[in-house]
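Subject: A structure to look at, with notes

Hi there,

Here is the structure I promised to pass on. Have a look around, and then read the notes below.

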Amino acid sequence: MTARESARCLGISLEELEDWQCCGAVFPLATDAIINLASPFRTLASAHQAGADLVTLCSGCLNVLRRTNKLVAADAEIRKKLEDFVEMKYAGERKVFHLLEVLRDETGFDQLQKKVVHPLDDVTVAPYYGCLLLRPAEDMAFDHPDKPVIMGEFLRALGAKPVSYPFQTECCGSYLSVSSVDSTRQAASAVLKSAQAAGAQWLVTSCPTCLYNLELAAESLDEPPRLVYFTQLLAHALGVDAYLEENGALAKNVMPEVN
Amino acid sequence: MKLSRDKLKSSFLQKVAEMSGEDIASCYQCGKCSAGCPLEAAMGILPHRALRLLQLGCEEEALNFDAVWLCASCHTCESRCPRGCDLSRVMEALRMIRLRGGQSPVHPQEVDEEILQRAPQQAIVSCYRKNIS
Amino acid sequence: MRRIGVFVCSCGLNIAGRVDVQKVTDAAAGIPGVVHSENYKYMCSEPGQNLIADAIRQKRLDGLVVAACSPAMHELTFRSAAKLAGLNPYMVQMANIREHCSWVHRDEEQATAKATDIVRAAVEKVRRDQPLEPTRIPLTKKALVIGGGIAGMQSALDIADAGYDVVLVEKDATIGGRMAQLSETFPTLDCASCILTPKMAEVARHPRIQLAMCSRVTQVAGYVGNFTVQITQAPTYVDWEKCIGCMDCQERCPSRLPSEFDRGLGKRKAIGVDFPQAVPNRPVIKADHCLYLQKGRCGICEKICPVEAVDFQQQEKVWEEEVGAIIVATGFDVLGAEAFAEYGYGQYPDVIDSLAYERLNSSSGPTEGVIRRPSDGEIPKEVVFIQCAGSRDPDKGKAYCSKICCMYTAKHATLYRHKVPDGQAYIFYMDIRAGGKGYEEFVQRAVEQDGALYLRGRVSRVYEEDGKIVVKGVDTLAGENIEIAADLVVLASAVTPRTGARELAQVLKVPADQDGFYNEAHPKLRPVETVTAGVYLAGAVAGPRDIPEAVANASGAAAKVAVLFSNDELENEPLIAAVDESKCSGCLWCVPVCPFDAIEEKELIERVGSKEVTRPVATVNAGLCQGCGACSVACRDGAMNLKGFTNEQILAEVEALCLMTGSPE
Ligand SMILES: Cc1cc2nc3c(=O)[nH]c(=O)nc-3n(C[C@H](O)[C@H](O)[C@H](O)COP(=O)(O)OP(=O)(O)OC[C@H]3O[C@@H](n4cnc5c(N)ncnc54)[C@H](O)[C@@H]3O)c2cc1C
Ligand code: SF4
Ligand code: SF4
């Protein structure tokens, strides 16, 4: 809802997909695990039936959907199997976007900047990309895999000061927070410490798992950066958060105090 | 360790190559993947060893290579490998063979209740997909 | 009627292992016109060649088919043998029953049948062969050398010492090339300047060497022995004839810019030389940074020059040279910053490449030979060297091994310890390639005497933290990841072809490999020649090379030129295209088809009845034509024919093959 309201404010209309399904959370890496592609395939095919491209707010969904999309466009055999299984026709005609890409390419960060009513006055924010947005680079083609810039530009448009720090593309430990908490904590702490050392007051992410893992790690750090989801920043900067709070879509005082 | 032609041409190796889609022979053991692996410390072993075990035809050792359960599929290795060999896919193949053989390192009943409460759906689904047969 | 002899070779077991040589010999004897046929174990050996010569004399043979290996292998051998026995060498035809038959088939019966067919076709061709005589062309005994690095200099000196004139074209304002940037050199650690600068002076002084500085070769026309080369010289804005090299201008110029020669670590002036020992010791103005040329202000150099040599009006100069041979010695570059995002090259000032490290080491460099890190000038105590940076990396960099970096990195670590005795050098490597004389010993000394710690594995990441450069690598021998908080990181970046190498290759019509290094005519047997006659290679233009190797093949290329110039005339292969002017309609389709620009239009004056008329026809330049045959295929009138491979001959061969008398269904 934060995203939809923000987008509406920017003149983009986002429609929620009627019968959406979980993307499956992980892209299956084994060449014969075709069945695991059924749910992302179904999501893509539904979007196609609805005559629209897909926009996601989550790095994980983007990763799974974009890779599935590429695979079905390139591999006729797998496509056939999925079509038969799901009983829907789809050959990769649609595009899958991350909201950040839409903001950059459709709205334009300069236009976004003009719509900002509560600029994040010079808060230092660490953009955290993690893995899923960027890798594998050939499949995702999202940004430079080692030197990404899109989140930094987004933050600048909102009036924040992005900080650059070496761990912005490192892994947070991913789903291991369920099966091996300690290893996740280790990986996520390294990210937080790196951001902290670079002087970040906040850290922004676009993946719920990253957010959770970083929260876990933050518990054992002194004054860790505040963790926020990128749509929260967007909603706040565009001034739609008050509306959202009233409607219960955004918990009160989620946003850290700006100055 | 004893080596022989048969050991180097087993059907198990063939299966790993097919399931991963990777050419095991292409790895020249430079270790760049291990050097960048964010979970290497937790694994307690360099992950590129998995490829070496396969190159040497060590089926049993490869199937006991428990670091596979700690691979987060983050693709950091793949993004730097000079030989275009995707170790995360090889890890997945080894994991799948074990999962399909009935092994499951994670049992839903045993997962901490608090984690299930707090963790996002995405993390839980991912974990189950990677760890439950 | 031709009297043809067929000689079938067993090539040890290479042919006889699959093909029944005796059967082929017998079948050949039955072909009309064949008056002699025999086989032998090694036809190319002396006894084999004698068999042929005897048969030519005794049986008065006037055509030969040698059924053996590929013509690329031994055509010349058998043609020479025939010539010695008094037969025109172009009456010899090879039937390739090895590469085209015995090596590629398994079934003996079928292979034998196919070999017979191949021989039959060859006989049909020889039946229609005509004796051919080579044409003779004069040659210009002056050489062009492109590139004034150590290789180009060595070639120029050798050719000049042999008594021939040389034009040496160098794109920069000084000769010396990369070697001028080096400090000491492996494996003996003698200082690069001490062995290079005297040679540079020798080149400049040599009466037979003419230097064309700040110049490039922009066009090449002609052929071996007779090239016309266009040279374009960029303006230097200083009249070098007048200049006395006092360098007052450099002293007083107010505009500074990062020195490319010092890999950006030091500054230079807008007017001046790259380094004090530059040859010729003459300044140039870097137009982009000159206040006068950019903004019309300043002009100090012009005012103070005691001999009024500064000339802001100077223009590009273009001229032509006639030369008989060309040596390309344009050397190499190293991979740039875009390749190493994970190593932070281009992002952190203390991550530098190996050439920059050479400049830090050099007593004429920006730190006068003291190892200081670029960020703050401190002396680094922990230095990490990363080998194979971009090399042996088919996925993200270059697939090949850059060959020189193992050695110069060992040198770098050694020199570092000599200068910073309490410092530690770490070297990440994958294999150590130290194949030269004294090389392995040199590397071992770096380890044992100079304390270099070799770590076997690649580095995954380099980043800055707390004022240190953190290097995350692995030592696969220990089975451990390694983290080093370093003060300086040096990348042994992959050797690449010179920027612009591909464009020059096109001008010269020499092929380059997928990476852009120039191809040798034969990687083993003709390493300094190219497939274009008269164009030779020296140094790193053909692949990564160290100095001894570059010098060796520079001398090799020079020797090839000297051999060429020892002739007063050149013999040209007669296997070239010829126009039947009576059939040529003058459409000139063949002109654009010819890859060697060998065909031109000519006005033919003919008598029709009582009138004289002119009409255009094609004509072939015998010097340029390489006998590829493209024109004869393109010609709609059937007027263009390749001598020795006429349309009639090819058809006769095809017809013979179509009979397939020998082959089973
Ligand atoms: C860091 C480093 C350290 C090294 N240390 C050693 C060592 O210790 N010992 C050792 O044996 N070797 C060493 N080498 C290798 C050595 O530098 C090369 O072997 C040598 O420079 C090759 O000489 P070259 O003449 O072929 O090429 P270059 O030195 O590259 O010279 C080529 C010349 O051609 C000119 N040129 C290029 N293009 C054109 C054009 N289109 N028109 C006109 N001119 C052109 C260039 O300006 C240059 O002057 C080292 C190399 C590096 C990178
Ligand atoms: S980075 Fe690639 S080549 Fe190097 S050890 Fe890992 S998988 Fe093998
Ligand atoms: S010479 Fe050595 S460092 Fe250079 S690419 Fe080859 S193996 Fe690597």
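Which residues come nearest to ligand 1? Of the 36 residues around the ligand, the nearest are C:Glu170, C:Arg178, C:Phe186, C:Lys411 and C:Arg545. Please keep in mind as you read that this is a predicted model.

**Chain C as a whole**

Since you are new to this one, let me start with the chain itself. Chain C holds 18 helices and 34 strands. Its C-alpha atoms fill a box of roughly 90 × 75 × 40 Å along the principal axes. Of the 665 residues in chain C, 52% are buried. Among contacts with a separation of 6 or more, 69% join residues that are 24 or more positions apart.

As for the surface, the accessible area of chain C is about 29500 Å², and carbon and sulfur atoms account for 50% of it. The chain carries 72 positive and 87 negative side chains, and the centres of these two sets are 1 Å apart.

**Around ligand 1**

Back to the ligand. Three backbone contacts to its oxygen atoms are worth finding on your screen:

- C:Arg545 places a backbone N or O atom 2.6 Å from an oxygen atom of ligand 1.
- C:Phe186 has a polar backbone atom 2.8 Å from an oxygen atom of the ligand.
- C:Ala329 has a backbone N or O atom 3.5 Å from an oxygen atom of the ligand.

Taken alone, ligand 1 exposes 1000 Å², and the protein buries 98% of that.

Several elements of chain C each supply at least two residues of the shell around ligand 1: helices H6 (150-161), H11 (354-361), H12 (405-419) and H15 (547-565), together with strands E8 (184-185) and E11 (215-223). Which of them gives the most to the shell? That is H11(C), with 3 residues.

**Three residues to visit**

Start with C:Tyr408, which sits in helix H12 of chain C. Is C:Tyr408 buried or exposed? Its relative accessible area is 9%, so it counts as buried, the cut-off being under 20%. Leaving out residues up to four places away in sequence, C:Tyr408 touches C:Phe186, C:Ser354, C:Ala492 and C:Ser493. One of these, C:Ala492, is 84 residues away from C:Tyr408 in sequence, yet their C-alpha atoms are 8.6 Å apart. Another, C:Phe186, is among the residues that come nearest to ligand 1.

Next is C:Thr185, in strand E8 of chain C. C:Thr185 is buried as well, with a relative accessible area of 5%. Again leaving out residues up to four places away in sequence, C:Thr185 touches C:Asp190, C:Ala192, C:Ile195, C:Lys411 and C:Ile547. You have already met C:Lys411 in the list of residues nearest to the ligand.

Last comes C:Tyr343, found in the loop between strand E19 (332-334) and strand E20 (351-353) of chain C. This loop residue is buried, at a relative accessible area of 3%. What does C:Tyr343 contact, beyond its neighbours within four places in sequence? In chain C, the partners are C:Val351, C:Ile386, C:Val459, C:Ser460, C:Arg461, C:Val462 and C:Leu491, and from chain B there is B:Lys32. The C-alpha atoms of C:Tyr343 and C:Val462 are separated by 4.6 Å, although their positions lie 119 residues apart along the chain.

Happy exploring!

Best wishes

Methods: Residues numbered from 1 in each chain as written. Chains lettered and ligands numbered in written order. Predicted model: local features only at pLDDT ≥ 70, side-chain atom pairs only at ≥ 80, totals over all residues. Heavy atoms only, no water. Helix = DSSP H or I, 4+ residues; strand = E, 2+ residues; numbered from the N terminus. Buried < 20%, exposed > 50% of the residue type's maximum accessible area, 1.4 Å probe, protein only. Contact = heavy atoms within 4.5 Å. Areas by Shrake-Rupley, 256 points an atom, 1.4 Å probe, with all protein chains shown as cover. Lys, Arg positive; Asp, Glu negative; His and termini not counted. Charge placed at Lys NZ, Arg CZ, Asp CG, Glu CD. Near = heavy atom within 4 Å. Polar contact = N/O pair within 3.5 Å; in protein donor to acceptor, adjacent residues only side chain to side chain.
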